[in-house]
Each structure stands twice: as structure tokens, then as C-alpha cells.
Amino acid sequence: MTKEVEQEELTIPIDLLEKDPLELAESEEDIQTIVTYLRATRENIRATEKAGKRITSKSSRTKPKQYESNVLDMLIKEA
Amino acid sequence: MEQPDRLKKFVYQDGNPIQKIWDTSSLSSFASCPRMYNWTNLQGYKSKVYGMATGFGSAVHEGFEVLDMQKFNGATKDEAVAAAIKYVLLEFGEALNQSEDKARGLTAALRAVTWRGEEYWDDLFEIATMPNGKPCLEQRFEVPFGNGEYRFSGRIDKVVQLEGKLYLCDIKTTKTTLNSNYFGNFMPNNQVFSYIWAAREVLGLDIAGFIIDAVQTGVHFTRFDRSVYNVPTDLIMEWYKDTADILDTSTKYFNNQHYPADFTACNNYGGCRFKETCSSSPSRRNLFLDNDFDKQPHPDLMEA
């Protein structure tokens, strides 16, 4: 059985990314927030690429719909 | 103690500039089109449109170096990534924030550094250690070339060990897709061959080949891929002979003070910036050069 699973959307730390870089460099906490966000976008983009979908701003913030069953099983089923 | 005079890359000889220390960039420029080489490298004409791409490449490159250095010194992945991010923010943050190209701006540089930490922390490539115990990163060389009239210089990003063999490794940032066409650009290639030549024949290192460590940056993603080039010595020696001939030709052009154009290179890499200048009458070319370019000769020529 195939079931779509929606993932929650990441919040872009806009306030930090728009902050003065020299000020940002002095805050370990802010740097950690950015690193955590960028690592999460990597996971989303990898999942998007794996699903064969187009990379967009939204796809970096949201994981594509995941399928609990094997993709090949789905193709056979659809055929 | 008095320091010996630094050898100059460019000098004036009989009132005209000539290059004494070559590198792969100037060699490729001369081999591609001697007239372009004269205007760019000897006369110092630079396009008035500032290339942010250079700042971006340096930011990524130096950020990766901080990652490597931290790892070599025993830092954890989190510590290394934080140190590299901090370095990029401090050294390049303000300049990259001015970039209008989002694929080569500050966020893209921070993403490249962060993702690199994830991608290659448990790497098969081990950074080689220098005899003094330091990591073999950012090694500059400047060695005699040919009959001693010329010298050749370069900067090796890092030397790595892979399956017991040593490789020179160079990081490239690009917006181009990392496929076989992209990696095909590095074989044959002046940088690959000249660095292997210097490492093997002058520095005496037992180098098996060259690795291109490529980073593709987009607006929302970064991709990484590598290609290993094992280059036999007879190919390197053939390159050496060819290059000695090319440099002799440069001396001949200098003696005649005539650097001919090579129109076959006009459309390479999106088109030569001097195309319009070359299309104008020789008597009007200085007008184009003065209007479209800033003249910034190499600092060695400014000191003279």
C-alpha cells in the first residue's frame, strides 16, 4: 500500500542571513542556527533529487512527498 | 640580515613589459591568443565590470581549507564547520553580500562550506603530512623552467594520499553541471600537467596524478564530485617540451614587439572581452581600450 507523508516546512533564519556578517561571525549561537538550517536544506534537496523532482526554493525547505512503498512497486502498480 | 631581492614576475626590458615568472593562467592566456595575453597580462587591461565570481571562489576555497586544517588538527566536524563559517563571514561576508548572483553570494558560500562538512568529513582522501608535521595544504612553488630564462610558479591546494599513493588536489568552483564534459576539460590541461611536472621533476615528490575536487553551486543547492587523473611521465615530458617552445615564442614576440591575434579563440568561454576592440581599426583600438577597460598593470610593473 502506498501512503504519502507530508513533511513540515523549514523556517529560513532570514534575520540571521540578513544580519551584518561581521556581527554574525561573533555569535556562536547564530552560526549554529545557520549551520543547522543549511544541513536540513541538504537533506531536503537530496530527497528532492532522489524523487526526481525539480529543485526550487520551496523544495530546499520542504521534503518532497515520501512514499512508504518501493518506487518500482508503484510503477508496476500504475502500469 | 639583508633579504635577497624577490624575483619579479614582470619586468621592463628595453622599456617594454616582459613576463619572467609564468603560471598556468598566463601560459593558457598566451597560448590561446598572444594579443589577448599582451593586453591582459602585460598591459593590465581589466574589464570595468567587477567579477564577483573571483571573490566567491576564494571564499569557498579558503572555507574548505579551514575545514581541512581543523580536521587535521583533530577538531570535531561541528567545530570545524563553525570555524570555517566564521572565517568566511569575517573575510568575505561583506563583499559577497553585494553579489547580485544568488548562486555565488554569501548564503551560497556558507551552504557550500556546511554541505562540504557533511559530504566529505569521513573522506577516503587523507591529507599528506609535510616533513615538519604540518598538513600539506596551500603549497606554493616557483621553479626554474627551460634554459633558465624563465621560471614557473603555482599553488598546490593540497596533497592527499589515496590507497597509498600521493595525488595533487585542486578545488574548482563552477556553476556548470559536474558531468564527463566538465571533467574532460582537465585532460589534457596546462595546470594538471605543470603541477605534476613541478612536483615530480623539481620537488622530487612521488606523485601518481591529479585530482579535480569540483563544487557546483546553484541558488538552492551545492553538488560535489571528483575526478582522478593518472598522468604518465612521458605525457608530462611532452608537455614540458611544448611549453618551452611556447615560452620561446613569447620571447620572439617580445623582441619583435608584435603579439599576433588568434581569431580561433574569440568565442571561447562565452566570447573574448576584446572582441569589439579587435574588430575596430588598429588606429582606433586605444579608444576602445581606454573606454571599456581599466588599466591596472601588475604591481611589479608599477614599482619599476
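Into which domains is chain B divided? Some notes on that and what follows from it.

1. Start with the layout. This is a predicted model, and the domain assignment splits chain B into domain 1 (15-49 + 242-286 + 294-303) and domain 2 (50-123). Between the C-alpha centres of domain 1 of chain B and domain 2 of chain B there are 33 Å.

2. Next, the largest nonpolar core, which counts 64 residues. The residues with the most contacts inside it are Ala84(B), Ile85(B), Val88(B), Ala109(B), Val113(B), Leu168(B) and Ile196(B). Helix 4 (residues 77-97) of chain B supplies the largest share of this core, 10 residues. Both domain 1 and domain 2 of chain B give residues to this core, so it lies between them.

3. Leu168(B) is worth a click in your viewer. Setting aside neighbours within four places in sequence, Leu168(B) is in contact with Ile156(B), Val159(B), Tyr195(B), Ile196(B), Ala199(B), Ile207(B) and Phe210(B). Ile196(B) is, like Leu168(B), one of the residues with the most contacts inside the core.

4. Now the pairing of helix 4 and helix 5 (residues 106-120) of chain B. Their axes come within 9 Å and cross at roughly 165 degrees. An angle over 145 degrees counts as roughly antiparallel, so that is how helix 4 of chain B runs relative to helix 5 of chain B. The crossing is right-handed. On the helix 4 side, the contact includes Ala84(B), Ile85(B) and Val88(B), and on the helix 5 side Ala109(B) and Val113(B) are among the residues involved. Those five names also appear among the residues with the most contacts inside the core.

5. Helix 1 (residues 24-32) and helix 8 (residues 233-256) of chain B make another pair. Here the axes come within 11 Å and cross at roughly 70 degrees, which means helix 1 of chain B is roughly perpendicular to helix 8 of chain B. Helix 1 of chain B passes helix 8 of chain B in a left-handed crossing. Leu27(B), Phe30(B) and Ala31(B) of helix 1 meet Thr243(B), Ile246(B) and Ser250(B) of helix 8.

6. Last, the other chain. 18 residues of chain B are in contact with 18 residues of chain A. On the chain B side, helix 4 and helix 5 are the elements that give two or more residues, and helix 4 of chain B brings the largest share, nine residues. So what else does helix 4 of chain B give the largest share to? The core from point 2, with 10 residues.

Technical notes: Residues are numbered from 1 along each chain as its sequence is written. Chains are lettered from A and ligands numbered from 1 in the order in which they are written. This is a predicted model: local features need pLDDT of at least 70, side-chain atom pairs count only at pLDDT 80 or more; totals for chains, interfaces and linings use all residues. A nonpolar core is a set of buried Ala, Val, Leu, Ile, Met, Phe, Trp, Tyr and Cys residues joined through C-beta atoms within 7 Å. A residue is buried if 20 or more other C-beta atoms lie within 10 Å of its own, exposed if 12 or fewer, and partly exposed in between; C-beta atoms are placed from the backbone. Helices (H or I, at least four residues) and strands (E, at least two) are DSSP runs, numbered from the N terminus. Domain bounds come from an automatic or database domain assignment. Two residues are in contact if their C-beta atoms, placed from the backbone, lie within 7 Å. Axes are lines fitted to C-alpha atoms, for helices over the stretch in contact, and angles run from 0 to 180 degrees between N-to-C directions. Angles under 35 degrees count as roughly parallel, over 145 as roughly antiparallel, 65 to 115 as roughly perpendicular and the rest as oblique. A crossing is left-handed if the near helix is turned anticlockwise from the far one by less than a right angle, and right-handed if clockwise.
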